[in-house]
Amino acid sequence: MRLYAYETRGQLNSGFQGYIEYRVYCAEEADRLHISLCFDKREYLGERAPFLQSCLEALRETVPDIKPTDQALDYLLTIPKTEVNLAVFFNDLCLGSAFRDSKEKNIALSAAASSPGFIPWRPQAGILRVVICALRILNDNTEYILRVTGEKDDL
């Protein structure tokens with residue numbers, strides 16, 4: 001039985017790097033909590049030339065003596081990707097984080113077992129903090145959706 005559900009959406013623009021925090025009121029104790037975060041536009045979708053130039057500038061700053069081949073430059077353009085991850089807190093307790101190489105993160109929290117990277121925890125009534133960690137957004141209008149659902153076993 002679903003006790004509560006929360007959903008929000010947002011858009012991130014190219015170059016954004018930072019944290020966005022959502023506070024979700026969990027109305028009552030639950031048996032399970034599900035959190036999902038997904039985003040689109042992972043790979044760079046713009047023009048190749050300006051992106052290649054920014055990659056070359058970053059390369060020159062970090063490794064000034066390197067002279068990449070055309071083959072290395074082609075490969076260099078496949079490496080950058082948008083990363084959108086999350087961390088979850090309840091009061092002062094860090095429940096865990098999901099820094100996974102995927103566009104969708106699905107987290108389950110319960111007293112019996114929780115997803116990898118999260119501690120087993122029985123969802124309580126109170127304020128849950130979900131922190132979205134955006135690392136180098138490559139494209140304008142990169143959309144994300146965050147969902148939080150609390151469930152209780154039928155009695």
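Over how many bridges do β2 and strand β7 pair, and in which sense do they run? To find out, select residues 126–135, which make up strand β7, together with strand β2, and you will see that the two pair in the antiparallel sense over 9 bridges. Keep in mind throughout this tour that the model is a predicted one.

**First stop: the sheet that holds β2 and β7**

With β2 and β7 still selected, pick out Arg23 and look across to β7, where its bridge partner is Arg129. Then widen the selection to the whole sheet, which is open, has 4 strands in the order β2-β7-β4-β5, and shows antiparallel pairing. The edge strands here are β2, at residues 18–26, and β5, at residues 93–98, and each of these pairs on one side only. If you rotate the view to follow the strands across this sheet, the twist to look for averages 20 degrees from one strand to the next.

**Second stop: the sheet that holds β3 and β8**

Now select the strands β1, β8, β3 and β6, which form, in that order, an open sheet of 4 strands with antiparallel pairing. The strands at its edges are β1 (2–12) and β6 (104–110), and because each has a single partner strand, one side of each is left without a neighbour in the sheet. Neighbouring strands of this sheet are turned against each other by 10 degrees on average, direction ignored.

Within this sheet, highlight residues 32–39 as strand β3 and residues 142–151 as strand β8, which run antiparallel and are joined by 8 bridges. A convenient place to see the pairing is Leu37, which stands opposite Leu146 in β8.

**Third stop: Cys38**

From there, move to Cys38, which also lies in strand β3. Show its C-alpha atom and that of Ile145, and you will find the two separated by 5.5 Å, although the residues are 107 apart along the chain. Leaving aside neighbours within four places in sequence, the residues in contact with Cys38 are Lys103, Glu104, Glu143, Tyr144 and Ile145.

**Last stop: the other cysteines**

How many disulfides does the structure hold? There are 0. To examine one case, select Cys26 and Cys94: the sulfur of Cys26 has its closest cysteine sulfur in Cys94, but the distance is 15 Å, which is too far for a bond.

Is Cys26 buried or exposed? Its relative accessibility is 1%, so Cys26 counts as buried. Finish by selecting Cys55, which has a relative accessible area of 10% and is therefore buried, the cut-off being under 20%.

Terms used
Residues are numbered from 1 along each chain as its sequence is written. This is a predicted model: local features need pLDDT of at least 70, side-chain atom pairs count only at pLDDT 80 or more; totals for chains, interfaces and linings use all residues. Side-chain values use heavy atoms; hydrogens and water are left out. Two strands pair if DSSP finds at least two bridges between them. Axes are lines fitted to C-alpha atoms, for helices over the stretch in contact, and angles run from 0 to 180 degrees between N-to-C directions. Contact means heavy atoms within 4.5 Å. A disulfide is a pair of cysteine sulfur atoms within 2.5 Å. Buried means under 20% relative accessible area, exposed over 50%, partly exposed in between (1.4 Å probe, protein chains only).
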